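Reader: I am new to this structure. Could you take me through it in short steps?

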Amino acid sequence: MRTIWLIILAILSFATPVGLIIPAILITICVVPFSIIFSIVFTIAAFFLGLLLMGVILIGAGSYIIFTSFWAGVLVLGIGFTALGLFLLLLPIFHWLTVNGIHLVSQLFQKLYNFLNEKNHFGKRV
């Protein structure tokens, strides 16, 4: 009789870690894709903001330096205008990616909603 109780206690103590592993795996499956997407979006936004600020600051610095050292000022102005031009050149591409990305995500959620709304959990049509 004692052996049976030990087996039951062993099974009950084993169920707790298994019961915690499944939600941990589900949370990981849900969190990891969103964190990857967030980091990609944040990196792209930081790149564009940095490019814009670099262009503006270098144009301002170049217009100040040009009065002390002409060629150094022209160099800094040229780098600033290049950064600003690159920002303006990439801005339509960024806009297109943003609009199409939002459209793609909305279509994905619409299909997911239609799939989940079509059947309930018991397989019957609503």
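The questions below go from the overall fold to the surface and then to a pocket.

Reader: How many helices and strands does the protein have?
Author: Keep in mind that this is a predicted model. Strands number zero. The helix count of the protein is two.

Reader: What share of the residues count as buried?
Author: The protein has 126 residues. To count as buried, a residue needs under 20% relative accessible area. The share that passes is 9%.

Reader: How much of the accessible surface belongs to carbon and sulfur atoms?
Author: The accessible surface of the protein comes to about 10700 Å². Carbon and sulfur atoms make up 82%.

Reader: Which residues make the nonpolar surface patch of about 490 Å²?
Author: One of them, I22, is found in helix 1, which covers residues 2–65. The full set is I21, I22, I25, L26 and I29.

Reader: Which element gives the most to the lining of the largest pocket?
Author: The largest pocket has a volume of about 580 Å³. Its lining counts 17 residues, with I37, V41, G101, I102 and V105 nearest the centre. Two elements give two or more residues each: helix 1 and helix 2 (70–118). With nine residues, the top contributor is helix 2.

Reader: What percentage of contacts with a separation of 6 or more joins residues 24 or more positions apart?
Author: Contact here means heavy atoms within 4.5 Å. Among contacts with a separation of 6 or more, residues 24 or more positions apart account for 44%.

Notes: Residues are numbered from 1 along each chain as its sequence is written. This is a predicted model: local features need pLDDT of at least 70, side-chain atom pairs count only at pLDDT 80 or more; totals for chains, interfaces and linings use all residues. Side-chain values use heavy atoms; hydrogens and water are left out. Helices (H or I, at least four residues) and strands (E, at least two) are DSSP runs, numbered from the N terminus. Buried means under 20% relative accessible area, exposed over 50%, partly exposed in between (1.4 Å probe, protein chains only). Accessible areas come from the Shrake-Rupley method with a 1.4 Å probe; for residues, only the protein chains shown count as cover. Patches are made of residues with over 30% relative accessible area and no salt bridge: like charges are joined within 9 Å, nonpolar side chains (Val, Leu, Ile, Met, Phe, Trp, Tyr) within 5 Å. A salt bridge is a side-chain nitrogen of Lys or Arg within 4 Å of a carboxyl oxygen of Asp or Glu. On a 1 Å grid over the protein atoms alone, a cavity is a set of points where a 1.4 Å probe fits but cannot get out, and a pocket is an open set with protein on both sides within 12 Å along at least five of seven lines; lining residues have an atom within 4 Å of a point. Grid points are joined across faces, edges and corners, and a volume is the space filled by probe spheres set on the points.
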